[in-house]
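Trainee: I would like a close look at a single part of this model. Please take one strand and go through its surroundings.

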Amino acid sequence: MEQFLGYAVPGIPDGCAYAIFAVGLVLTYQATGVFNFAYGAQAYVSAYLYAWLIQDQGLPVWAAGLLAVVVLGPGLGLLFDRLLFRRIPNNNTTAKVVTGISLLVGLPALLSVVFGNANVYAVPSIAFNPTTVYFHLFGLAQVPINGIFLSAVVFTVGILVALLVLMRGTSLGLQMRAAVESRRLVQLDGVNADRVVATAWAVSGLMAGLAGVLLAPVQAQLQVQDYITLMVAAIAAAAWAALRSMPVAALVAVAVGVVSVTSQGYLTANSVWHSAVIPSLPFIVLAAALLIVPGLRTLDDTKDPLSAVDPPAPPTSAQGRSPQLDRVVRVLWWAVLAAFVVSMLTWMPEAWENVFNAGLALSTVFLSITLITGMGGQLSLAQATLAGVGAFTAGQLASHLGLNFLVGGLVGAVLAAAVAVVLAVLSLRLRGLGLALMTLAAALLFDTAVFSQSAISHGTGGLILQRSWLGAIDFFDPTGHPLFVLAIGVLVVCTVGVLLVRRGTTGRYLAAIRGSQTGAAGIGINLDWQRVVVFALSGAVAGIGGSLLALQQTSINPSQFNYQLSLAFVVIVVTTGVGTVEGAIQGGIGFVVVQQLLTYAPQRFQGLTFVLFAAGALTYAAHPEGIVEYQKRTWTGRIERWLGLRPGAPGSASPEAAQPAVEASR
Amino acid sequence: MNPLLDVRGVTKRFDGITAVQDVTFQVAPGESVGLIGPNGAGKTTLFNCIGGQLRPDDGVVVLDGRDLDHLPPYRRARLGLGRTYQRVEVFPELTVRDHLVVAERARRGDGRLWKDLLGRAAPRPDELAHVDQVVDLVGLGDVAGTPVAALGLGLCRLVELARALVGEPRLLMADEPSSGLDVHETHELAAVLRTLQTERHMAVLLVEHDLRMVGEVVDKAIVMDLGRVIAEGPFDRVMAEGAVRRAYLGQSA
């Protein structure tokens with residue numbers, strides 16, 4: 001018993017850390033209708049500012065805590081509401097998820113640009129000294145109660161009670177819950193719904209700030225990854241509460257923390273259980289919740305009684321170019337492509353040839369996002385994982401069986417497609433947010449339980465590609481150009497494949513499903529089968545892209561394919577245009593070019609790439625076709641009017657203007 | 001003659017509210033039946049139970065001798081059940097013609113991926129001929145190449161109707177097809193439905209509030225109130241019944 005307590009009690013602070021996040025996520029969802037993916041980043045920003053105020057500005061702990069929690073926390077929440085989430089219609093789940101992920105990717109990057117990227121260590125505690133042992137539980141020597149334990153338990157219980165009183169016992173709480181169901185209906189009752197929702201965001205921001213500052217001293221170094229991992233673990237608990245009940249979320253969170261720490265104590269170190277299963281416990285719990293909890297299947301169903309009067313959602317691709325201009329643009333594209341190929345094969349410096357090769361490989365991975373999100377209408381947060389499955393399969397087959405890496409890449413694509421199909425089949429009953437969370441759980445499972453295994457990845461150093469894996473052609477010699485020819489050849493084949501699918505019956509079925517699932521099923525389209533098909537295609541393309549990326553980087557390691565990259569990939573492609581193959585290629589090339597250009601700037605500006613793309617993705621709600629695509633259309637519209645090719649405003653819905661749109665939108 | 005559609009004892013409850021209670025009726029092949037009743041009578045819920053969008057808690061739905069229980073909506077559509085919706089369910093990005101091509105192929109279960117990848121998925125001449133025939137029948141010829149997002153509500157309803165018709169269903173279920181149409185358009189729609197019934201021997205199950213249109217189209221009317229069938233028979237006779245006038249028109253008999 002003493003041994004059990006000795007193992008279990010240290011799990012309680014972990015569980016409480018999950019619980020604080022889980023309760024915050026449920027609160028935000030209950031009070032604003034937004035599942036706030038940015039919650040971990042919000043907490044991190046407060047923690048970072050808190051540490052900065054103390055360590056750099058010399059403020060006393062209480063003043064820094066007050067500023068970080070009471071001023072910055074709610075301030076960020078209010079900013080999110082005012083600038084972003086208020087403008088997103090409640091039924092647009094994809095836009096809400098994309099906005100949250102953009103903030104999650106962009107905010108920490110912005111911090112490092114503004115404050116520099118020096119490491120932050122040993123953040124002081126706001127209450128209770130973390131290392132001091134205050135007493136022993138039941139007087140047992142094995143169960144010391146230190147400051148971390150005390151602050152975790154005291155604050156978790158305090159926060160939970162305060163929020164329950166707010167949501168269940170006050171009229172403000174009632175108004176918040178009503179505003180989530182229908183902001184318009186609440187307004188008809190004379191309530192200022194905007195103010196109610198803004199208050200909810202402020203309270204949720206306060207919670208995030210408090211969580212950030214409380215958890216900062218727990219780890220030796222302040223790192224955003226810890227906050228995001230913590231948040232994802234908390235999502236598991238929130239999911240078991242169907243994003244509804246704060247006490248259930250808190251209880252599950254504590255249970256997850258206690259079970260994982262306790263079982264670690266009993267299991268032998270170095271076993272698979274110890275190294276793979278226990279660390280991925282929160283993600284297994286999340287996947288299980290998504291499979292079992294019925295409330296998570298209807299998250300995206302609108303509850304607004306006034307929604308019946310809403311017009312159908314506007315299409316994302318009904319604006320096009322006139323046939324004349326379309327021809328011009330097409331010729332220009334071919335010219336640019338030809339110039340690019342010639343340049344790469346003749347005068348391009350080695351460094352830049354490498355950059356563009358990486359861009360081509362990334363573009364191939366991004367095409368998988370065009371397939372799954374642009375055509376399938378589903379948000380997947382596991383595309384880097386699928387790319388990793390392809391790359392590691394090719395690497396393992398080459399190193400163990402001596403299979404040529406290029407052939408292995410094709411096998412890897414098949415395996416990645418198979419993984420995607422399993423994911424699709426498991427999540428057939430989920431849509432929107434639920435599906436996004438399922439893919440995120442899968443990505444984290446692969447990160448912690450598969451890619452991290454040294455049998456698969458040879459540890460953090462990764463698999464180093466061997467020349468002997470590649471047969472006669474030397475893909476490592478940049479001046480020999482075979483890698484470039486391979487990369488552009490693969491990209492062209494994949495692009496043509498995606499275009500053919502899109503113009504074919506499958507593409508039309510998918511367009512129908514994006515428009516109306518009910519209508520599509522009602523004419524005989526098998527929605528489940530179409531989803532499996534698009535996942536399989538997307539997985540295969542991602543797998544091929546992953547192998548190509550590994551080839552370009554001459555190594556395969558877990559950090560090339562982790563979940564954070566999956567999130568970043570979505571943000572990039574959403575910015576450049578998720579609905580077109582051009583968008584994927586612009587995303588791939590644009591990302592590597594911006595990153596390469598920033599190597600000429602001071603070190604702290606490295607994160608600017610993510611800030612830029614995240615800022616672009618924040619416009620998703622207004623421009624679902626992608627801000628780059630939107631600008632392109634605006635400018636081609638202007639050029640058309642200057643040239644007199646098309647009268648009137650761009651995007652006018654006249655039949656003459658609209659007719660070539662579908663043909664023209666590639 | 002065996003009925004085409006046989007609905008027996010269908011009941012659907014939502015959290016204690018019984019939306020449809022023990023409803024039984026039949027539709028013969030080529031017969032036109034109007035399903036009428038005040039708002040909240042359970043007409044659309046019943047439609048969804050027949051179409052497979054909802055699963056009834058009790059009772060069976062049989063189409064041409066085949067029990068539809070456990071069949072998802074797309075399988076029912078392929079068996080010859082076409083429908084339109086109270087709230088339009090169109091595909092904004094597709095043109096009117098593409099709507100019909102998609103519906104035509106979906107009903108046949110056509111759409112092999114390899115055909116797409118070999119570039120052999122363009123609409124065939126015979127498909128286009130059939131599609132254009134339906135487009136002309138419904139009167140959408142002028143906008144056949146227009147994305148549906150650019151069309152008004154009335155035209156969207158016609159697109160839904162055309163999309164259902166292109167699959168040549170044996171039973172067409174139309175849910176308030178005339179809402180959003182003006183008097184003239186409604187009259188034309190009624191004429192189209194009559195033509196389908198007489199020339200193509202298509203059975204029609206119609207939910208409609210425009211009683212004049214119902215009178216023009218249907219052979220038989222079924223009146224529902226609070227989830228139950230309260231009257232059934234020829235339209236004129238049913239509308240004269242006291243219970244119907246009380247429930248539906250709010251008049252004292």
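Mentor: What follows is an account of one strand in chain B and its neighbours.

This is a predicted model, in which local features need pLDDT of at least 70 and side-chain atom pairs count only at pLDDT 80 or more, while totals for chains, interfaces and linings use all residues; pLDDT is the predictor's confidence in each residue, from 0 to 100. Residues are numbered from 1 along each chain as its sequence is written, and chains are lettered from A and ligands numbered from 1 in the order in which they are written.

The part chosen is strand S8 of chain B, residues 203-207. Strands (E, at least two residues) and helices (H or I, at least four) are DSSP runs, numbered from the N terminus. Five of the five residues of S8(B) are buried, that is, 20 or more other C-beta atoms, placed from the backbone, lie within 10 Å of the residue's own. B:Val204 and B:Leu206 point one way from S8(B), and B:Ala203, B:Leu205 and B:Val207 point the other way.

S8(B) pairs with two strands, where pairing takes at least two DSSP bridges. With strand S3 (residues 32-36) of chain B, S8(B) runs parallel over four bridges, and B:Leu35 stands opposite B:Val207. With strand S7 (residues 171-175) of chain B, the sense is also parallel, over five bridges; there B:Leu172 has B:Val204 as its bridge partner.

S7(B) is also linked to S8(B) in a β-α-β unit through helix H7 (residues 183-200) of chain B, and this unit is right-handed: with the strands pointing away from the viewer, the path from the first strand over the helix to the second runs clockwise.

How values were computed: Buried ≥ 20, exposed ≤ 12 C-beta atoms within 10 Å, placed from the backbone.
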